[in-house]
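Trainee: Hi! Could you walk me through the empty spaces in this protein?
Mentor: Happy to, let's have a look together.

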Amino acid sequence: MLSPKYPLTSLALLTSTASAFYLPGVAPTTYEHGSIVPLNVNPLTPVGSERDSQLRSVISYDYYHPAFRFCRPEGGPKEVSESLGSILFGDRILTSPFELKMGVNESCKSVCEPKPKYKYDKASALFTNQRIRQNYNFNMLIDGLPAGTPYEDPLTKTDFTMRGFPLGELDDEMKPALNNHIDFVIYYHEAAKGKFRVVGVAAVPESRPDTKRKPDGTAECGVPRGKPNFYINEDGEQTEVTWTYGVYWVASNTAWATRWDTYLHVFDPKIHWFSLINSAIIVVFLCGMVAAILMRALKKDIARYNRLDSFNLDDLSGSGGEAEDGVQEDSGWKLVHGDVFRTPKNPLLLSVFLGNGAQLFVMTGCTIIFALLGFLSPSNRGSLGGAMILLYTIFGFIGGYTSARVYKSFGGDSWKRNIAMTPLLIPGIVFATFFLLNLFLWAKGSSGAVPFTTMLVILAIWFVISVPLSFAGSWVGFRHAVSGDECDQSLKPTLTELIVSQPISPPVRVNQIPRQIPPSTTYLRPIPSMLLVGILPFGAIFVELFFIMNNMWFGKVYYMFGFLFLTYTIMIITCAAVSVLLVYFLLCSENYHWQWRSFTAAGASAGYVFANALLYWIRQLSFGSLTSGLLYLGYSLLLSFLFFILTGTIGFFASWAFVQRIYSSIKID
Ligand SMILES: *[C@@H]1O[C@H](CO)[C@@H](O)[C@H](O)[C@H]1NC(C)=O
């Protein structure tokens, strides 16, 4: 039986090659005693407050944003080269004036000479204090390792590190105090005699009112933690700040290879297991139900239809139309056999969605598998983003191919429009939204805004690699799907050799005149059925989704790809099972518009994902500015839209395979 299972086959193919695929990791750097260990700075990012665990902004600001008045290195900060994935995920790494010498303890150093340009005037004071109120974090990298805050998990009593440390704190009167002194505790490991490696960085920031820099360049760091704190004056009087820091080197047994482990802490693994088992039970029940209902009902149906059919044939020895009349006494899905493969409305749009959905499906699947195999660890900065872009680009071929095959199977004939729309419509929507949101960030002076040159690079990758690959895929797809007489004979043999498959032809003929569809029961109408079907895939993923959102918006490192992989699998099975069930009920009620219905019903889980994002906003986020809200809404909408395409595609292909199967097992004249 021919069923459209090529996305699955390609996934299987790719996973089998994954073990041979090697992404070079970062090589360790060794330092000798007293040599300089680089400290680079990344933008300041908002995090959830410890007071009320609310996130107040989603906009990040460059460390050298003029209003921060932080010390600059001599000759200005230099950019540290980064990968595309790293830039897209918000990294903007720059050099800093901090001087760290391997193994040399220093209790008090000043970062730079106080200059008039580093004084806070009213505007910059207001800006910086506002950032303290919104819980902004410093993000510094020491030998590529983020300086973090040590914590203890209250549940498991294990130590872990959160990236970043606060720019300031609110005192008891909610007055923002600036952390103008930082103590770095750096853990090193002696790899060989006299060769040291950085294996851990903790930062302890403090607000100290009496830091001073003496004329000879040495500094006084004042009293360690205590009151009164250092405040930036907001009422017009200029504030001068002396930035100081201390460095403490501590020997550690941690090996370089495991230095990231402390950042990849899984909070409450029990909840993950609980949710996973929970969704697994849903899935087992669901599949059991689908299997039980379908197997029994279908077996009976098929046996009955085939019996009836032979009676009819004997009695009437009639042609197709009359045989159909003979069965009309009976109800059920066989009645619509002459319409079930009728071209759906908007075949072009559906096939474009399905092509892109297949592309997304293979991309997400491969990304998760690569991550699971440990290729995309956060120590490989930006590798996750890079892998996603690379895979999405390459799988443009799959997108074009799927879209063309589906469109041809629908009997569509504006193939030029199909070829053009497949790589342009959805990536175009995504890019346009992304560009629009970027404009907001840009207007805010946020470092999160993707630089114009990066935008051009993305456009170039899209047009130079992805679009041609998609065209190639479409071309191959159409060549396969067309029958001999329409095809350019000279090219046919080589192409047939290229991929061994045949056009997907329906097992039953389509009648000339469309059948009337009887009114359906309430729960089979589009909206109720979408609400009913969509909630199950969402139910399977929502706990993991909560963790992903927490990690995304609260700047934690998400590294639970084992859980994610299982959840993704469960989601696929759920989407497939519920949409097959819906299609069966639809066909039984003599409604043959299953194509869009299966797509939208499975895709409706995206509606729940978006609703969940809104709920999350109410519960966890309290944005002070309209821009933050708009950005949050924009990103949530974009991700929900992609999720709609992804789940809809899974639902459609499962239903297609199902419909092909059942209609090929009955005899029709
Ligand atoms: C540096 O400071 C750390 C932490 O206080 C201490 O454990 C270590 O022994 C010091 N190293 C030297 C060389 O003094």
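**The largest pocket**

Mentor: At least two lining residues of the largest pocket come from each of helix H3 (122–133), strand S8 (148–152), strand S9 (159–163), strand S10 (165–166), strand S11 (168–170) and helix H12 (526–553). Helices (H or I, at least four residues) and strands (E, at least two) are DSSP runs numbered from the N terminus. This is a predicted model, where local features need pLDDT of at least 70, side-chain atom pairs count only at pLDDT 80 or more, and totals for chains, interfaces and linings use all residues. Residues are numbered from 1 along each chain as its sequence is written, and side-chain values use heavy atoms, without hydrogens and water.

Trainee: How much space lies in the largest pocket?
Mentor: About 1300 Å³. A pocket is an open set of points on a 1 Å grid over the protein atoms alone, where a 1.4 Å probe fits, with protein on both sides within 12 Å along at least five of seven lines; a cavity is a set the probe cannot get out of, and lining residues have an atom within 4 Å of a point. Points join across faces, edges and corners, and volume is the space filled by probe spheres set on them.

Trainee: Which lining residues are closest to its centre?
Mentor: Of 47, they are Gly-48, Ser-49, Glu-50, Tyr-151 and Met-162.

Trainee: Why does the largest pocket lie between two domains?
Mentor: Because domain 1 (8–258) and domain 2 (266–307 + 534–647) both give residues to its lining. Those bounds come from an automatic or database domain assignment.

Trainee: New topic: how many cavities are there of 30 Å³ or more?
Mentor: The search of the whole structure finds 4. The second largest has a volume of about 100 Å³.
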